[in-house]
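Please look through the structure shown here before reading on, and keep it at hand while you follow the text.

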Amino acid sequence: DTFGLVVSMSHVLGDGFTYYRLYGALDQRPTQVAGITYQASAGPARARLNPWRKADFPRAVSQALGPQQAWPSSRAARWGSLLDALLRPKHRWQAWEVDATWLRDQKRQFQDQ
């Protein structure tokens, strides 16, 4: 009866603002921003997710980046991949289990202040 959800996003796709808007879209509780209560998946801090595929995306990518053969095999891309593999520190994965009773008590204690 317990599960975890890992949410991450590359900076290639978006910045921290974009990440937290997408992350906020997962929360189905009403939220309050500047005194206004917004229902689930609404409000300025949440993105509305649209599952429809953009049919012209491959053409738009090709138009923005040029012919596919030109950029992945370029000297700069090869050097970048090599240096990234050699210099980037290894990922350190961590997970925590939070005691729900303790967390509830902490929230109540904070609200009573």
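The report below goes from the chain as a whole to its surface, its salt bridges and two of its helices.

**The chain as a whole**

The model described here is a predicted one, and its secondary structure amounts to four helices and two strands. Read from the N terminus, these elements follow one another in the order α-β-β-α-α-α. Of the 113 residues in the chain, 7% count as buried, where buried means a relative accessible area under 20%. The surface that the chain exposes comes to about 11100 Å², and carbon and sulfur atoms supply 58% of that area. When the contacts with a separation of 6 or more are considered, 16% of them are accounted for by residues 24 or more positions apart.

**A nonpolar patch**

Which residues form a nonpolar patch on the surface? The patch is made of Phe3, Leu5, Tyr20, Tyr23 and Leu26, which together have about 640 Å² of accessible area. Phe3, one of these residues, lies in the segment before α1, the helix that covers residues 16-25. Phe3 has a relative accessible area of 74%, and because exposed means over 50%, this residue is classed as exposed.

**Salt bridges**

A search of the whole structure finds three salt bridges, and the table gives the two side chains of each one together with the N to O distance.

| Acidic residue | Basic residue | N to O distance |
|---|---|---|
| Aspartate 56 | Arginine 59 | 3.6 Å |
| Aspartate 84 | Arginine 88 | 2.8 Å |
| Aspartate 105 | Arginine 104 | 3.7 Å |

Are the residues of these pairs buried, exposed or partly exposed? Aspartate 56, which pairs with arginine 59, counts as partly exposed at 40% relative accessibility. In the pair of aspartate 84 and arginine 88, the aspartate is partly exposed with a relative accessible area of 35%, and arginine 88 is also partly exposed, at 45%. Aspartate 105 has a relative accessible area of 37% and is partly exposed, while arginine 104, its partner in the salt bridge, counts as partly exposed at 39%.

**Helices α2 and α4**

Helix α2 takes in residues 57-65 and is hardly covered, since the count of buried residues among its nine residues is zero. After α2 comes glycine 66, whose phi is positive, with a value near 90°.

Helix α4 runs over residues 100-111 and has 12 residues. At the start of α4, a side-chain oxygen of aspartate 99 reaches to within 3.0 Å of the backbone nitrogen of threonine 101. How far apart should the ends of α4 be, and how far apart are they in the model? At 1.5 Å a residue, α4 should span 16 Å, because the expected span is 1.5 Å times one less than the number of residues. The C-alpha atoms at the ends of α4 are 16 Å apart, which agrees with that expected span.

Key
Residues numbered from 1 in each chain as written. Predicted model: local features only at pLDDT ≥ 70, side-chain atom pairs only at ≥ 80, totals over all residues. Heavy atoms only, no water. Patch = residues over 30% accessible without salt bridge, like charges linked within 9 Å, V, L, I, M, F, W, Y side chains within 5 Å. Areas by Shrake-Rupley, 256 points an atom, 1.4 Å probe, with all protein chains shown as cover. Salt bridge = Lys/Arg side-chain N within 4 Å of Asp/Glu carboxyl O. Buried < 20%, exposed > 50% of the residue type's maximum accessible area, 1.4 Å probe, protein only. Contact = heavy atoms within 4.5 Å. Polar contact = N/O pair within 3.5 Å; in protein donor to acceptor, adjacent residues only side chain to side chain.
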